[in-house]
Amino acid sequence: MVHITGGGFYENIPRVLPDGIGVEIDVTAWPRLPVFELLRKWGDVAWPEMYRTFNMGIGMIMIVDAGDASAVMKNLADRNEKAYVIGRTVKAGADRVVLGGGVFNG
């Protein structure tokens with residue numbers, strides 16, 4: 001588990017990953033709250049920096065075995081917790097956290 005605080009996705013997620021493992025995150029897998037669009041616009045902040053600085057609506061990430069994902073999602077739903085499958089682990093490349101989809105495509 002990793003709390004997405006200051007440092008956002010790029011700095012926090014690698015802290016809980018074993019050596020040689022990275023993540024690919026699909027930023028379209030959860031709703032982006034309107035406040036983040038306002039912050040980006042008012043501060044003229046690039047999208048990568050938004051995901052570096054803010055949590056973009058994701059407060060906690062749990063990295064679980066793919067075979068356990070359905071059970072974890074059900075457990076969270078049973079507790080009335082909103083949860084999304086937002087990515088997957090991969091062999092680490094030059095960047096341990098790769099964001100894709102939405103604002104990162106095109």
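Mentor: In this predicted model, a salt bridge is a side-chain nitrogen of Lys or Arg within 4 Å of a carboxyl oxygen of Asp or Glu.

Trainee: How many salt bridges does the count come to by this rule?

Mentor: Side chains of opposite charge can pair when their charged atoms come close. Glu24 and Arg88 are one such pair, with their closest N and O atoms 2.9 Å apart, and Glu49 and Arg52 are another, with a closest N and O separation of 3.5 Å. By the rule just given, the count comes to four.

Trainee: How many residues apart in sequence are the parts that the pair of Glu24 and Arg88 ties together?

Mentor: Glu24 is partly exposed, at a relative accessible area of 32%, whereas Arg88 counts as exposed at 52%. Since Glu24 lies in strand 2 and Arg88 in strand 4, the salt bridge ties together parts whose separation in sequence is 64 residues.

Trainee: In which helix do Arg40 and Glu37 both lie?

Mentor: Arg40 and Glu37 form a salt bridge whose closest N and O atoms are 2.9 Å apart. Arg40 is partly exposed with a relative accessible area of 22%, and Glu37 is likewise counted as partly exposed, at 30%. The two residues are three apart, about one turn of the helix, and both lie in helix 2.

Trainee: What separates Glu49 and Arg52 within helix 3?

Mentor: Glu49 counts as partly exposed at 36% relative accessibility, and Arg52 counts as partly exposed at 31%. Because these residues are three apart in helix 3, what separates them is about one helical turn.

Trainee: Which strands stand at the edges of the open sheet, each with a single partner strand?

Mentor: The open sheet has three strands in the order 4-2-5, with mixed pairing. A strand with a single partner is left without a neighbour in the sheet on one side, and this applies to strand 4 (87–91) and strand 5 (97–100).

Trainee: By how much are neighbouring strands of this sheet turned against each other on average?

Mentor: Strand 2 (residues 21–26) pairs with strand 5 in the parallel sense over four bridges, while five bridges join strand 2 to strand 4 in an antiparallel arrangement. With direction ignored, the average turn between neighbouring strands is 25°.

Trainee: Which residue in strand 5 is the bridge partner of Glu24?

Mentor: Two other pairings help to place Glu24: Ile21 has Lys91 in strand 4 as its bridge partner, and Val23 stands opposite Val97 in strand 5. For Glu24, the bridge partner in strand 5 is Val98.

Trainee: Is Met56 buried or exposed?

Mentor: Met56 is found in the loop between helix 3 and strand 3 (60–61), and has a positive phi of about 55° although it is not a glycine. Asp44 also has a positive phi, near 50°, and lies in the loop between helix 2 (34–43) and helix 3 (47–53); Asp44 is exposed, with a relative accessible area of 69%. The relative accessible area of Met56 is 1%, below the 20% cut-off, so Met56 is buried.

Trainee: What is the area of the nonpolar surface patch that includes Leu33?

Mentor: Leu33 lies in the loop between strand 2 and helix 2, and is partly exposed with a relative accessible area of 42%. Its value is over the 30% that a patch residue needs. Together with Val35, Leu38, Leu39 and Trp42, Leu33 makes a nonpolar patch of about 490 Å².

Note on methods. Residues numbered from 1 in each chain as written. Predicted model: local features only at pLDDT ≥ 70, side-chain atom pairs only at ≥ 80, totals over all residues. Heavy atoms only, no water. Buried < 20%, exposed > 50% of the residue type's maximum accessible area, 1.4 Å probe, protein only. Pairing = 2+ DSSP bridges. Axes fitted to C-alpha atoms, helices over the stretch in contact; angles between N-to-C directions. Patch = residues over 30% accessible without salt bridge, like charges linked within 9 Å, V, L, I, M, F, W, Y side chains within 5 Å. Areas by Shrake-Rupley, 256 points an atom, 1.4 Å probe, with all protein chains shown as cover.
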